[in-house]
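Biologist: I am new to this structure and would like a close look at a single part of it, namely the open space in the protein and the residues around that space. Please take me through it slowly, and then go on to whatever else helps me to find my way.

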Amino acid sequence: MQLLDGTAVSAHIKAQLKTEVDILKVNGGKIPHLAAILVGNNPASEAYVGSKVRTCEELGFGSTLLRFEPSITEELLLIEVDKLNSDASIDGILVQLPLPKHIEENAIINAIDPLKDVDGFHPISQGKMMLGQPTFLPATPYGMMMMLEHYGIDVTGKHCVIIGRSNIVGTPMTILMSRNTNPGNATVTLAHSKTKNLKELTLQADVIVAAIGRPRFVTADMVKEGAIVLDVGINRIDDATRKSGSRLVGDVDFDQVAEKCSFITPVPKGVGPMTICGLMKNTLLAAKGKKALSN
Ligand code: NDP
């Protein structure tokens with residue numbers, strides 16, 4: 001079994017991005033600038049935004065963190081998004097999800113200028129991705145594709161079972177894995193909570209992508225020998241042995257499943273750091289007035 005080390009791969013990609021920023025600085029080019037919107041003080045969201053802002057600093061990007069009270073109205077948040085849309089110094093806009101229930105997430109995402117949609121969630125970005133046109137790819141699936149590419153893992157003709165059909169992870173991953181590209185050309189099955197024969201499907205899978213949000217849901221009896229497993233899940237569980245009283249686990253029962261795999265991502269330090277790389281790559285491309293190639 002080989003561990004797919006998100007920390008190591010992301011360090012490699014971040015070094016490349018930093019070099020590009022250094023060159024931009026020398027040549028007087030536009031330095032990428034990411035604006036992040038954080039509504040409320042959900043600890044997980046705070047942590048995710050914090051690490052995105054820190055990565056901007058590490059790479060020499062500019063960053064602006066806009067914090068709002070959870071009581072902010074949808075109308076006022078739309079005005080804030082619009083201000084960022086028309087601010088020429090801002091290249092990328094990130095709205096940390098989830099938003100409070102009284103705010104319609106789609107309304108906010110749809111309001112982001114697609115040219116600044118570095119999370120790749122806007123309908124125009126998603127539509128272009130589906131059609132194979134250059135666009136900003138959603139950061140987590142983009143990060144996983146970079147991970148496969150980095151390790152030279154060829155998924156051509158392989159059966160990939162993706163569990164979870166969210167708009168930000170599972171569904172776009174089915175598109176990216178099935179395209180006529182490298183990595184890509186996999187035969188994809190998309191499973192969700194209504195799937196009746198999940199174990200039957202996963203036992204046929206050469207590649208499993210778990211994006212469910214349920215701790216250690218994918219167990220060893222669901223995985224065939226030699227499978228490649230990408231674990232997107234981030235779940236906090238109680239752990240009395242830790243000072244904090246809790247720890248993070250993925251959607252895959254790592255200790256048991258790892259023994260059967262050819263490749264597996266750990267949680268943490270697997271897909272998570274790759275997601276940040278996807279976001280940073282998109283932000284650099286936005287500053288250069290380009291789009292991530294969807295092929
Ligand atoms: P969502 O909650 O939006 O989607 C979960 C999906 O899992 C749904 O499609 C749901 O099916 C499916 N599902 C739930 N229960 C089952 C079941 N018993 N059998 C099969 N499918 C099931 O989650 P996200 O995609 O946003 O996130 C998934 C996980 O990944 C979470 O832990 C999240 O924290 C993590 N995450 C990690 C990221 C990273 O960078 N590492 C980035 C984004 C998310 P249905 O549609 O039928 O309800």
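Modeller: What follows is a walk from the largest pocket to a helix that helps to line it, and then on to a cavity, the cysteines and one further helix. Please keep in mind throughout that this is a predicted model.

The largest pocket has a volume of about 1,300 Å³, and among the 44 residues that line this pocket, the closest to its centre are Y48, V232, I234, G272 and T275. Two or more lining residues come from each of the elements α1 (6-26), α2, β4, α6 (139-150), β9 (235-238) and α10 (271-287). Of these elements, α2 gives the largest share of the lining, with eight residues. Sorted by class, the lining of the largest pocket comprises 23 nonpolar, 15 polar and six charged residues.

Since α2 has this largest share, two residues of the helix deserve a longer look. S45 lies in α2, which covers residues 43-59, and S45 counts as buried because its relative accessibility is 4%. Apart from residues up to four places away in sequence, S45 touches L38, Q96, L97 and P98. P32 is 13 residues from S45 along the chain, and the C-alpha atoms of the two are separated by 22 Å. C56 is also found in helix α2, and with a relative accessible area of 0% this cysteine is buried. Leaving aside neighbours within four places in sequence, C56 is in contact with L34, F61, G62, S63 and M280. L203, by contrast, is 147 residues from C56 in sequence and 40 Å from it in space, C-alpha to C-alpha.

Besides the pocket, there is enclosed space to consider, and the structure holds one cavity of 30 Å³ or more. The largest cavity has a volume of about 40 Å³, and its lining is made by I93, L94, V95, I109, I112, D117, D119 and F121. Strand β4 (residues 92-95) gives the largest share of this lining, three residues, and β4 is also one of the elements that give two or more residues to the lining of the largest pocket. By class, the cavity lining has six nonpolar residues, no polar ones and two charged ones.

To return to the cysteines, a search of the whole structure finds zero disulfides. C160 is in no disulfide, and the nearest cysteine sulfur, which belongs to C261, is 13 Å away. Seen from C261, the closest cysteine sulfur is that of C160, and the 13 Å between them is too far for a bond. C160 counts as buried because its relative accessibility is 0%, and C261 counts as buried because its relative accessibility is 6%.

The last stop is helix α5 (residues 123-131), whose buried residues are S125, Q126 and M129. Seen down the axis of α5, these buried residues fall within an arc of 95 degrees, so they line one face of the helix. An α-helix has 3.6 residues a turn, so residues three or four places apart point the same way. The buried residues of α5 pack against α7 (170-178), whereas M130 and L131 are exposed on the other side of α5. Just after α5 comes G132, which takes a positive phi of about 75 degrees.

Methods: Residues numbered from 1 in each chain as written. Predicted model: local features only at pLDDT ≥ 70, side-chain atom pairs only at ≥ 80, totals over all residues. Heavy atoms only, no water. Buried < 20%, exposed > 50% of the residue type's maximum accessible area, 1.4 Å probe, protein only. Helix = DSSP H or I, 4+ residues; strand = E, 2+ residues; numbered from the N terminus. Arc of directions from axis to C-beta. Contact = heavy atoms within 4.5 Å. 1 Å grid on protein atoms, 1.4 Å probe; cavity = no way out; pocket = protein on both sides within 12 Å on 5 of 7 lines; lining within 4 Å. Points joined across faces, edges and corners; volume = space filled by probe spheres on them. Nonpolar A, V, L, I, M, F, W, Y, C, P; charged D, E, K, R; others polar. Disulfide = S-S within 2.5 Å.
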